[in-house]
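Please work through the exercises below with the sequence and the 3D structure open beside you. Each one sets a task and then gives a solution that goes step by step.

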Amino acid sequence: MMEVDDVSVREQLFHNRVRETFICVLLFTCLYILSYLILTHFKKNADYVTDDVEDATANKIALWLCTFTLSVSVCAVLLLPISILSNEVLLIFPHSYYMQWLNGSLIHGLWNLVFLFSNLSLVFLMPFAYFFTESEGFVGCKKGVMARVYETAVVLLLLTLLVLGMVWVFVALLNNHSARESLYDMWEYYLPYLYSAISLCGVLLLLLCTPFGLSRMFSVTGSLLVKPRLLENVEVEMNCAAFEEASLSRTLNRGSTACWVSVNVEPLRTQYLGVQAKRIALEMRRRASPWQRNLFYPLAMLLLLALTVACVLMVCFNVLELLFDETAMPSGMGDPRLGTASFSMFGSLGAAVQVVLILYLMVSSVVGFYSSPLFTSLLPRSQDTNLTQIIGNCVSLLVLSSALPVFSRTLGITRFDLLGDFGRYNWLGNFHIVFLYNILFAGLTSACLINTLTWAVQGELIRAFGLHKLPLTVSRTTIPLKLLLANGLSKIQ
């Protein structure tokens, strides 16, 4: 009887493992296909159809590695939302037969796989992809793809030894005893220390990009929607843009046939494209319905404002909890007991708000990253992004997305504790680092939000009351708010 029970238990464990593996493979396959479609939209096709078969093959292999990295990034973004929603589903359907596949073992395994693949992509695959596209093989060896592989492997090995040596020296400067132990116990101390340093860099990058991105979300969303304009005649502006476009078009046509204006063709073409884009935008605004023009834009702005204020308030509340409650500190969780209690005091509604805020913070961090002057050159362009830029974008997105679970838990956006090796970072137990991080995020976000709103209101008032047509010798920033309101009241009367 005992042997039958042991066999049934082993069979159940085997079936559970097969089911979890199948679900993870299915999820990753879907994300891989989605990532490949995204990269195909942005890649420069000329890099993959060259006459040199060797270069084309190397570029395709590098693109496959980039696709793998991007799919890991998307999966890292979905880690917390999937975990939070899975817990709420199990709370709603605790004894459902169709939800037996959704358990803590599956979620824990998914976290471990994302941690493994993210570090593998960041440390090995992306450097390999870059060096593989730049390599040509050792001198004197037969040219080919394998020659590139050998050279890339040697360069990557030397780079790995260099990085490990630099980190070991840094550890030796801080703690000589720990550095000596790390030579004998690299897996238990040395590599976790390196992963902790990488995660800290990613979290600091999120701290810089997210507040700026939260303020930029208003302008980015406003550029995608039709804005309501006060005291403005769209017909007149569109006619002026059409006349200017026609004038520039005639000048360009004459310049293409006359040699004496060939020098000024490029600036004129750039100006022509700008005027054409302005005319198209004005035409879309004219065709927009009153509901789309006067309702959607204010609702979108109010929604963004509400999400941003909710993030700041949750961070401020987390600061107070850090002062009086030790459980507010981010920590790791060994066995996720899903379906026992909600991770939000407001139940399923609060959990849904947490998921929305986590995804909103990720989108804002990406917007802030690409809006930063340091990373503007990495902004991908449709069908015009070379392979080096694709590799840089994949590395940047991987750093941001892999730090998102730690970032969200540190700020108190969710109380879902970190699973697997995500909770083993050394700096997570430091109260001063976590507390200062929350204070900096709340302060930077509040400052960026206040600055954006004040400048946006002043700009709209200046445009609405016609003061943007003042000569350049008049400084518009020195116009007081009382003068704007007085001018507006006089026009209304």
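The exercises that follow begin with the whole chain and then turn to helices and single residues. The model is a predicted one.

**Exercise 1. The chain as a whole**

Task: State how many helices and strands the protein chain has, and describe its burial, its contacts and its surface.

Solution: Begin with the secondary structure, which comes to 15 helices and 2 strands. Next, consider burial: the protein chain has 493 residues, and buried residues make up 39% of them. Then turn to contacts with a separation of 6 or more, of which 77% are accounted for by residues 24 or more positions apart. Finally, the accessible surface of the protein chain comes to about 28,000 Å², and carbon and sulfur atoms hold 69% of that area.

**Exercise 2. Two helix pairs**

Task: Decide how α2 is oriented to α3, and how α10 is oriented to α11.

Solution: Take the pair α2 (residues 53–77) and α3 (residues 79–92), whose axes are 4 Å apart and which pack at an angle of about 40°. This makes α2 oblique to α3. The residues that meet are Cys75, Ala76 and Val77 in α2, and Leu79, Leu80 and Pro81 in α3.

Now take α10 (residues 290–324) and α11 (residues 347–371), which pack at an angle of about 100° with their axes 11 Å apart. An angle from 65 to 115 degrees counts as roughly perpendicular, and α10 and α11 are therefore roughly perpendicular to each other. On the side of α10 the contact is made by Leu304, Leu307, Thr308, Ala310, Cys311 and Met314, while α11 contributes Val356, Leu357, Tyr360 and Leu361.

**Exercise 3. A helix and the residue after it**

Task: Find out how many residues of α13 are buried, and which residue follows this helix.

Solution: Helix α13 spans residues 404–411 and is mostly covered, since 8 of its 8 residues are buried. Listed by name, the buried residues of α13 are Leu404, Pro405, Val406, Phe407, Ser408, Arg409, Thr410 and Leu411. The residue that follows α13 is glycine 412, whose phi is positive, near 80°.

**Exercise 4. A nonpolar patch**

Task: Identify the residues that form a nonpolar patch on the surface, and decide whether leucine 158 is buried or exposed.

Solution: The patch is formed by Phe138, Met146, Tyr150, Val154, Leu157, Leu158 and Leu161, which together have about 700 Å² of accessible area. One of these, leucine 158, has its place in helix α5, which covers residues 145–174. Leucine 158 has a relative accessibility of 54%, and because exposed means over 50%, leucine 158 counts as exposed. A general point about helices may help when you look at this region: an α-helix has 3.6 residues a turn, so residues three or four places apart point the same way.

**Exercise 5. Residues far apart in sequence**

Task: For valine 89, glycine 347, leucine 320 and valine 363, name a residue distant in sequence and give the C-alpha to C-alpha distance in space.

Solution: Start with valine 89, which is found in helix α3 and is partly exposed, with a relative accessible area of 26%. Valine 89 is 250 residues from glycine 339 in sequence, yet the two are 7.7 Å apart in space, C-alpha to C-alpha. When neighbours within four places in sequence are left aside, valine 89 is in contact with Met99 and Leu102.

Continue with glycine 347, which lies in helix α11. Glycine 347 and glutamate 88 are separated by 259 residues in sequence and by 8.2 Å in space, C-alpha to C-alpha. Not counting residues up to four places away in sequence, glycine 347 touches Glu88 and Ser342.

Next comes leucine 320 in helix α10, which counts as partly exposed at 49% relative accessibility. Its C-alpha is 9.6 Å from that of phenylalanine 435, although the two are 115 residues apart in sequence.

End with valine 363, which lies in helix α11 and is partly exposed, with a relative accessible area of 44%. Valine 363 and methionine 217 are 146 residues apart in sequence and 8.8 Å apart in space, C-alpha to C-alpha.

Note on methods:
Residues numbered from 1 in each chain as written. Predicted model: local features only at pLDDT ≥ 70, side-chain atom pairs only at ≥ 80, totals over all residues. Heavy atoms only, no water. Patch = residues over 30% accessible without salt bridge, like charges linked within 9 Å, V, L, I, M, F, W, Y side chains within 5 Å. Areas by Shrake-Rupley, 256 points an atom, 1.4 Å probe, with all protein chains shown as cover. Salt bridge = Lys/Arg side-chain N within 4 Å of Asp/Glu carboxyl O. Buried < 20%, exposed > 50% of the residue type's maximum accessible area, 1.4 Å probe, protein only. Contact = heavy atoms within 4.5 Å. Axes fitted to C-alpha atoms, helices over the stretch in contact; angles between N-to-C directions. Parallel < 35°, antiparallel > 145°, perpendicular 65-115°, else oblique.
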